[in-house]
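Here is a friendly walk through one model, with its sequence and coordinates alongside. Please keep the 3D view open as you read.

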Amino acid sequence: MKKYISTIFACLLPLSIYAQDIPASNGGTDKVDSLTQVVNELSSKVQKVEDDARNEAIWNKRKKYFQIGYINQTLTHQDVPGLEWKSDFGVSLAMGKTFYLHKKPLFDMLKFGLDATWFDVSYAKYSQPIGWEEPSDPSNIEEGEADFDLGAHQAEIGLGIGPSITVNPIDHLKLSGYFHFRPSGSILVLNDEVNASYVSNFAFGGAVSYKVISFGVESCWGKAKYNSFSVDDAALDNPGTENLNPNDVLIKGENRMKTKSVRFYLTFRF
């Protein structure tokens with residue numbers, strides 16, 4: 001494109017100089033004005049083509065994203081003071097798209113958008129809280145048997161939506177910030193107890209991008225009342241368990257939990 005533009009101006013420049021040397025009596029003034037108008041129109045068209053090409057490369061080709069993240073997460077029991085689980089590690093996957101709310105960037109560098117995450121999946125493994133142990137079944141202690149322990153895990157799957165702002169200060173470098181509402185389904189395993197609930201999560205964060213690659217960090221939080229289920233070992237040990245109704249061996253309850261996490265992520269935009 002630049003070679004094409006340079007060639008055009010190289011051809012027009014001698015003509016412009018020649019036209020300026022033509023006496024006015026020979027219609028030189030009219031020719032100069034006409035040539036100047038042609039040059040201005042051509043320059044305007046070339047500038048528009050360059051702006052459109054830049055806008056296509058920086059904004060239109062970088063709307064979709066695939067994200068891989070590492071999570072540092074904390075789970076807090078709201079009804080038991082001081083009872084808190086901290087993650088040993090956590091991972092996440094997300095995919096979505098940014099819809100910009102206006103075609104041309106404001107001040108040639110800023111766009112407001114709406115992020116839509118088609119799915120967001122996360123998993124965290126927790127270590128047991130310091131100084132706290134799951135109560136043991138006395139009958140198992142007498143018989144020398146250990147309680148069934150699955151450890152502490154949390155998995156969530158959801159989607160997200162929220163506003164974003166993106167600034168393109170130079171070249172293909174972009175800085176972005178966002179706030180997302182992230183409704184999710186959550187499964188929580190605590191030793192031999194399984195908990196399930198819907199959670200309204202909220203997240204805000206920011207990222208630095210250059211072409212395809214983006215690095216970011218976000219903070220996320222949410223709380224919910226979980227329905228809990230566990231197996232009554234005593235009921236299973238009684239005679240005639242083959243005739244038991246599932247409701248007879250399930251212990252049901254509720255746990256109010258709060259989750260807070262920090263996510264560091266790598267994003268590929270395409």
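The charged end of Lys111 sits over the ring of Tyr100, 5.0 Å from the ring centre. For this label, NZ of Lys or CZ of Arg must be within 6 Å of the ring centre and within 35 degrees of the ring normal.

Before going further, a word on the source: this is a predicted model, in which local features need pLDDT of at least 70 and side-chain atom pairs count only at pLDDT 80 or more, while totals for chains, interfaces and linings use all residues. Residues are numbered from 1 along each chain as its sequence is written, and side-chain values use heavy atoms, with hydrogens and water left out.

**Aromatic rings**

How many aromatic pairs does the structure hold? There are 7 aromatic pairs. One of them joins Phe99 and Trp118, edge-to-face, at 6.4 Å centre to centre and 70° between the planes. The two rings come from distant parts of the chain, with Phe99 in strand S2 and Trp118 in strand S3, 19 residues apart. Rings of Phe, Tyr and Trp (its six-membered ring) pair if their centres lie within 6.5 Å; planes under 30 degrees apart count as stacked, over 60 as edge-to-face and the rest as tilted.

Both partners can be placed by their accessibility: Phe99 is partly exposed, with a relative accessible area of 37%, and Trp118 is partly exposed at 48%. On this scale buried means under 20% relative accessible area, exposed over 50%, and partly exposed in between (1.4 Å probe, protein chains only). Elsewhere, Phe179, Phe181, Phe202, Phe204 and Trp221 form one aromatic cluster.

**The barrel**

Now for the fold itself. A closed barrel of 8 strands runs S1-S2-S3-S4-S5-S6-S7-S8, with antiparallel pairing. From one strand to the next, the twist averages 20°; axes are lines fitted to C-alpha atoms, and angles run from 0 to 180 degrees between N-to-C directions. Strands here are DSSP runs (E, at least two residues), numbered from the N terminus, and two strands pair if DSSP finds at least two bridges between them. Strands of a sheet pair through backbone hydrogen bonds, either parallel or antiparallel.

The table lists antiparallel pairs, each with a bridge that you can find in the view.

| Strand pair | Bridges | Example bridge |
|---|---|---|
| S1 (residues 64-77) and S2 (residues 84-100) | 10 bridges | Thr74 and Lys86 |
| S2 and S3 (residues 110-127) | 14 bridges | Phe99 and Leu114 |
| S3 and S4 | 15 bridges | Tyr123 and Ala155 |
| S4 (residues 152-170) and S5 (residues 173-190) | 13 bridges | Ile165 and Gly177 |
| S5 and S6 (residues 193-210) | 18 bridges | Tyr178 and Gly205 |
| S6 and S7 (residues 213-231) | 13 bridges | Gly205 and Glu218 |

Phe99 thus appears in two roles, with Leu114 as its bridge partner in S3 and Trp118 as its aromatic partner. Gly205 also recurs, as the bridge partner of Tyr178 and standing opposite Glu218 in S7. Between S4 and S5, Ile157 stands opposite Gly185.

**The turns**

Several hairpins carry a residue with positive phi. The S1 and S2 hairpin has 6 residues between the strands, and Gly82 there takes a positive phi near 85°. S4 and S5 form a hairpin with 2 residues between them, where Asp171 has a positive phi of about 50°. In the hairpin of S5 and S6, with 2 residues between the strands, Asn191 has a positive phi near 60°. The hairpin of S6 and S7 likewise has 2 residues between the strands, and Lys211 takes a positive phi near 55°.

**Arg263**

Let us finish in S8. Is Arg263, in strand S8 (residues 250-269), buried or exposed? Arg263 counts as buried because its relative accessibility is 5%. Its side chain makes a polar contact with the side chain of Asp120 at 2.9 Å, and another of 3.5 Å joins it to the side chain of Ser92. A polar contact is a pair of N or O atoms within 3.5 Å; within protein, one must be able to donate a hydrogen and the other to accept it, and residues adjacent in sequence count only if both atoms are side-chain atoms.

Leaving aside neighbours within four places in sequence, Arg263 is in contact (heavy atoms within 4.5 Å) with residues including Gln67, Tyr70, Ser122, Arg182 and Glu218.

How values were computed
Helices (H or I, at least four residues) and strands (E, at least two) are DSSP runs, numbered from the N terminus.
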